[in-house]
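Grab a pencil and work through these short exercises with the structure open beside you. Try each task yourself before you read its solution.

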Amino acid sequence: MKFKQTRKDRTCSNCNEAINKGDMYGQKSTSITGKETCWSIDNRPTEDIPDWAWSNVRFATKHDWCKPCGEQKEAS
Ligand SMILES: [Zn+2]
């Protein structure tokens, strides 16, 4: 994990500690695969939505890590 200095206050997603402005922090991105259907809530058939109507979507989320957590993560 690369560390850089933050220019704004952040919160570590691992320990929930504050990362203050000027502190070193790292970022980790995780991708979550979710399912999405083209039907809006109102147009959805009342019966179960068939498999073909679903498509997989990937969401990328970024998490901030404080330096101690990031280093611990690297070491493990
Ligand atoms: Zn942390």
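**Exercise 1.** In this predicted model, find how β4 and β5 pair, and over how many bridges.

*Solution.* Start with strand β4, which covers residues 24-37. Follow it alongside β5 and you'll count 13 bridges, with the two strands paired in the antiparallel sense. For a handy landmark, look at Thr 30: it sits opposite Thr 61 in β5.

**Exercise 2.** Work out the strand order of the sheet, and say which strands stand at its edges.

*Solution.* First, a reminder: strands of a sheet pair through backbone hydrogen bonds, either parallel or antiparallel. Here three strands make an open sheet, ordered β1-β4-β5, and the pairing is antiparallel. Next, look for strands with a single partner: β1 (3-5) and β5 (54-66) each have just one, so they are the edge strands, and one side of each has no neighbour in the sheet. From one strand to the next, the twist averages 45 degrees.

Now add the helix. α1, residues 67-75, packs on this sheet and touches β1, β4 and β5. Its direction makes about 115 degrees with that of β5.

**Exercise 3.** List the elements of the chain from the N terminus on.

*Solution.* Count them up: you get five strands and one helix. Then walk along from the N terminus, and the run reads β-β-β-β-β-α.

**Exercise 4.** What is unusual about the phi of Asn 16, and where does this residue lie?

*Solution.* Begin with the usual case: most residues other than glycine have a negative phi. Asn 16 isn't a glycine, yet its phi is positive, about 65 degrees. To place it, look at the loop between β2 (10-11) and β3 (18-19). Is Asn 16 buried or exposed? It has 9 other C-beta atoms within 10 Å, and 12 or fewer counts as exposed, so Asn 16 is exposed.

**Exercise 5.** Which residues make up the largest nonpolar core?

*Solution.* There are six of them: Cys 12, Ile 19, Tyr 25, Trp 65, Cys 66 and Cys 69. Take Cys 12 and skip its neighbours within four places in sequence: its contacts include Ile 19, Trp 65, Cys 66 and Cys 69, and also Glu 17 and Asp 64. Over the whole chain of 76 residues, 11% count as buried.

**Exercise 6.** How does the radius of gyration of the chain compare with that of a compact globule?

*Solution.* For 76 residues, a compact globule would come out near 11 Å, but this chain has 19 Å. Then check the box filled by the C-alpha atoms along the principal axes: roughly 50 × 25 × 15 Å.

Note on methods:
Residues are numbered from 1 along each chain as its sequence is written. This is a predicted model: local features need pLDDT of at least 70, side-chain atom pairs count only at pLDDT 80 or more; totals for chains, interfaces and linings use all residues. A nonpolar core is a set of buried Ala, Val, Leu, Ile, Met, Phe, Trp, Tyr and Cys residues joined through C-beta atoms within 7 Å. A residue is buried if 20 or more other C-beta atoms lie within 10 Å of its own, exposed if 12 or fewer, and partly exposed in between; C-beta atoms are placed from the backbone. Two residues are in contact if their C-beta atoms, placed from the backbone, lie within 7 Å. Helices (H or I, at least four residues) and strands (E, at least two) are DSSP runs, numbered from the N terminus. The radius of gyration is taken over C-alpha atoms; the globule rule is 2.2 Å times the number of residues to the power 0.38. Two strands pair if DSSP finds at least two bridges between them. Axes are lines fitted to C-alpha atoms, for helices over the stretch in contact, and angles run from 0 to 180 degrees between N-to-C directions.
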